[in-house]
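Student: Can we go through a structure together? I would like to ask things as I look.
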Amino acid sequence: MVLQSLKNCLWLSCILRTPKACFWSTATGGLIIQSVSNDVYQNLAVEDWIHDHMDLEKQQVLFLWRNSPAVVIGRHQNPWQECNLRLLRQKNIKLARRRSGGGTVYHDLGNINLTFFTTRKKYERMENLKLVVKALKALRPQLDVHVTDRYDILLDGQYKISGTAAKLGRTSAYHHCTLLCNADKFVLSSVLKSPYKGLKSNATPSVPASVKNLFEEDPSLTSEMLLDAIAKEYATQHQIDHHITVINPADETLLPGISNKTKELQTWEWVYGKTPKFSISTCLNMAYKDSVLDVKVNMDVKHGRIEVCNIDLPEQWLPQGLYSELVKSLTGSKFCPNETTTLVTTLLRVCPQDDELHSRWSLLCENMITLM
Amino acid sequence: CIHRVRSCSSIRFIKSKYVCVFDKSALKFSHQQRLFRTSAVSCGQIVQFKLSDIGEGITEVTVKEWYIKEGDSVSQFDSICEVQSDKASVTITSRYDGVIRKLHYSIDDIAFVGKPLVDIEIDASKGVAPAEDVVETPPMSHEEHTHQEIKGHKTLATPAVRRLAMENNIKLSEVVGTGKDNRILKEDILNYLAKQTGAILPPSPKAEIVPPLRKTETVPAAPKDKARKIPVPVSRPIAFSGKDKTEPVTGFQKAMVKTMSAALKIPHFGYCDEIDLTQLVQLREELKPLAELRGVKLSFMPFFIKAASLGLLQYPILNASLDENCQNVTYKASHNIGVAMDTEQGLIVPNVKNVQVCSVFDIAVELSRLQSLGSAGQLGTSDLTGGTFTLSNIGTIGGTYAKPVILPPEVAIGALGKIQVLPRFNGKGEVFKAQIMNVSWSADHRIIDGATMARFSNLWKSYLENPASMLLDLK
């Protein structure tokens with residue numbers, strides 16, 4: 001037991017900015033850590049790691065992090081419903097699914113994330129948000145910010161500057177929230193608008209809100225200042241040193257098992273495969289030669305894969321054998337443009353080599369892919 | 001009496017997987033075991049596991065995902081389901097070991113705090129109060145902190161695991177736990193046993209993880225088995241816990257199955273050769289900086305592709321297509337040369353269009369575009385269709401000679417091995433260092449004969465062995 005606490009001291013003394021004596025002996029009530037990484041998957045993995053491995057009885061933890069451009073959806077949400085996936089792919093904006101509930105948010109370096117780790121018993125979201133508001137008011141007393149009963153923080157009574165989500169496990173819990181300092185509102189509104197029509201699902205919907213950056217209210221504010229103010233308030237309330245410990249989420253010796261957690265968060269099975277079952281019922285308007293064809297499409301998607309697929313084509317537009325081959329191949333495959341493209345182009349190799357047929361096939365497939 | 005009942009119950013839970021391990025005890029208690037078995041089905045007590053308090057005064061939640069189904073066995077602390085309430089996602093874990101007998105809700109139903117969530121059939125030996133265990137452990141508290149004290153150490157392990165350890169005379173303090181919170185799992189006991197008997201078990205991926213900050217204060221000792229004397233018979237076989245995994249063939253794989261089945265209907269013949277790339281290697285070194293100035297990385301592929309196109313001009317049958325009934329051969333005008341790419345999904349073959357009118361640099365630019373789209377998973381349908389001839393540079397991964405499969409509706413394909421530095425004799429009979437690459441061609445023997453393939457290959461080879469000769473024929 002003595003050996004273990006010495007080991008812990010050594011670990012911490014490596015990462016603290018100023019060397020400290022034995023960590024356990026100070027019996028602090030809290031720990032403030034900040035991530036050096038801007039990778040959304042690495043930072044979400046740190047949350048998982050702390051949730052699974054840290055003993056929060058002795059001390060609570062505040063985790064501060066920022067991400068390079070990413071859209072983060074809630075645990076039980078549908079990415080097709082929540083954001084413009086085509087735009088995300090074009091702009092190389094990452095898509096992540098977090099483990100907590102709630103709605104979709106856009107992250108960039110102008111948005112800060114705060115995670116409050118406590119034991120399950122001490123889980124208390126309102127207290128945490130009041131702490132944030134207190135910190136903001138201490139920094140800029142003239143700011144009109146308050147907490148709503150939906151656990152949002154509003155600026156000037158109308159603009160949302162913070163959204164909240166939480167995860168509860170067997171013995172520990174965390175509550176995280178965002179804070180808009182200076183995020184790109186233009187990108188935010190364009191990526192969070194879904195172009196996909198005809199979706200029906202029981203996934204948690206997001207509640208859209210007007211947002212505003214704190215920077216717009218007071219241009220002297222920066223993300224660093226906000227992080228520091230919140231850390232200071234946390235330190236005061238937990239009676240600990242105002243000291244931020246910096247951690248590197250890629251450090252496997254510090255956080256054993258973290259790279260597996262990071263990898264899991266990036267898998268297709270997690271990001272897309274965890275989407276609750278949904279259906280699509282829409283109409284493709286395909287311009288072919290001199291006319292426009294209205295093609296009704298109905299699909300059921302479960303675990304991100306096409307379970308049922310019906311395409312209502314004009315009679316004999318495609319040979320029956322080819323049509324059923326297409327439907328058979330799509331069934332069970334991922335609801336993903338890349339997978340579908342490779343699938344349909346590969347199938348084309350075994351079709352009769354007819355230019356007319358090929359152009360019809362390509363037209364149909366390209367239109368189908370726009371649904372994904 | 002209690003001891004006997006416990007052994008029987010351990011057989012009940014574990015016998016399906018680890019029968020061999022319990023042979024000894026099974027023999028001893030066969031009489032009781034038989035009695036137990038006949039009444040096993042009905043003697044388990046059904047306990048209604050209620051949804052516990054979420055906090056913040058919440059009374060109802062929505063069930064979002066089940067991790068188990070009716071009939072599954074669960075251990076204490078296993079995840080049962082995921083529920084959501086007002087932006088909070090909660091993982092509900094089992095309080096008991098047992099078998100799930102009933103799920104009270106479906107996905108998207110509203111579940112109520114304090115009302116039953118699942119029915120679990122637990123072991124009858126646990127007595128009327130299911131939360132209590134007959135063995136020397138304190139009753140489970142409402143917060144589910146179940147640190148079982150064993151000889152002064154706090155070790156997390158379910159009652160079933162503890163029984164398994166006890167049956168095999170294993171000290172839990174000597175076993176490394178690899179479960180959540182350093183919990184000792186059944187697999188950990190088996191691994192420990194295997195180390196004793198020298199049996200080979202499949203590697204456990206989490207075995208080495210020992211996080212510095214842990215919930216328990218135990219120091220899990222690595223099983224130092226040299227000094228330890230456990231009376232374990234050497235011949236006892238350990239149950240292999242690996243399982244076969246069957247997955248349906250879907251999506252892209254299904255399409256590949258169809259394509260490859262069609263491909264193998266084509267009568268293939270092969271032709272292989274080795275190419276001396278010494279001069280080309282030197283040429284590329286000279287041209288690389290020029291290409292970089294223009295913002296493109298120059299590999300060997302653009303040269304291979306252009307040389308192939310020059311060859312196809314002389315032997316257009318290799319750029320043709322045979323119709324389904326083998327009635328007509330269509331000589332394709334465009335040289336759309338496909339380049340096989342290895343991606344996460346598997347093999348994809350985008351093609352460079354109209355190589356016959358492209359310069360080596362044009363090809364390099366287009367290849368670069370296709371490669372970055374390919375790795376991002378963003379290739380379009382036009383990039384992936386219309387190919388007439390394919391080159392597969394398997395040498396980047398390794399290998400020398402290969403037997404490539406023709407991709408219909410094409411009639412020929414070439415596989416390029418890796419470039420090796422090998423000793424060769426020159427015209428004067430001297431040994432020199434040569435950069436050698438092997439090529440393996442496959443062609444459709446219905447319309448292409450060996451001589452045509454050989455002549456094409458020789459022409460292609462001559463362009464690459466003496467790159468200056470390409471200048472003569474470039475259009």
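The chat below goes through some strands, a pocket and a few backbone angles.

Student: What kind of model is this?
Tutor: This is a predicted model, where local features need pLDDT of at least 70, side-chain atom pairs count only at pLDDT 80 or more, and totals for chains, interfaces and linings use all residues. Residues are numbered from 1 along each chain as its sequence is written, chains are lettered from A and ligands numbered from 1 in the order in which they are written, and side-chain values use heavy atoms, with hydrogens and water left out.

Student: Which residues of chain B does the "Lipoyl-binding" annotation cover?
Tutor: The unreviewed UniProt entry puts that domain at residues 46-121 of chain B. UniProt positions are given in the numbering used here, feature names are shortened, and annotations may be inferred rather than shown by experiment. In the model this span is 0% helix and 55% strand, and its end C-alpha atoms lie 4 Å apart. Helices (H or I, at least four residues) and strands (E, at least two) are DSSP runs, numbered from the N terminus.

Student: In what order do the strands of the open sheet S1-S8-S6-S3 pair, parallel or antiparallel?
Tutor: The four strands of this chain B sheet pair antiparallel, in the order you name. Strands S1 (45-50) and S3 (73-74) of chain B are at the edges with a single partner strand each, so one side of each has no neighbour in the sheet. Two strands count as paired if DSSP finds at least two bridges between them.

Student: How many bridges join S1(B) to S8?
Tutor: Six, with S8 being residues 116-122 of chain B. One of the pairs is B:Gln45 with B:Ile122.

Student: Switching topic. Is strand S21 of chain B enclosed or open?
Tutor: Ten of the 14 residues of S21(B), residues 431-444, are buried, so the strand is largely enclosed by the rest of the structure. Buried means under 20% relative accessible area, exposed over 50%, and partly exposed in between (1.4 Å probe, protein chains only).

Student: Which strands pair with S21(B)?
Tutor: S11(B), residues 268-276, runs antiparallel to S21(B) over nine bridges. S19(B), residues 412-416, pairs with S21(B) through five antiparallel bridges, and S20(B), residues 420-425, does so through six. B:Ser440 in S21(B) is the bridge partner of B:Cys272 and also stands opposite B:Ala415.

Student: What about the turn between S20(B) and S21(B)?
Tutor: These two strands form a hairpin with five residues between them, and B:Gly429 in the turn has a positive phi of about 85°.

Student: Where are the positive phi values outside glycine?
Tutor: Among them are A:Asn92, with phi near 60°, and A:His303, with phi of about 55°. Most residues other than glycine have a negative phi, and most peptide bonds are trans. A:Asn92 sits in the loop between H4 and S4 of chain A and is exposed, at 69% relative accessible area. A:His303 is in the loop between S15 (291-302) and S16 (305-312) of chain A.

Student: Where is there a cis peptide bond?
Tutor: One joins B:Pro408 and B:Pro409, with omega about 5°. B:Pro409 lies in the loop between S18 (389-392) and S19 of chain B.

Student: Last one: which residues does the "BPL/LPL catalytic" annotation cover?
Tutor: The unreviewed UniProt entry gives residues 56-242 of chain A. That stretch is 28% helix and 29% strand, with its end C-alpha atoms 19 Å apart.
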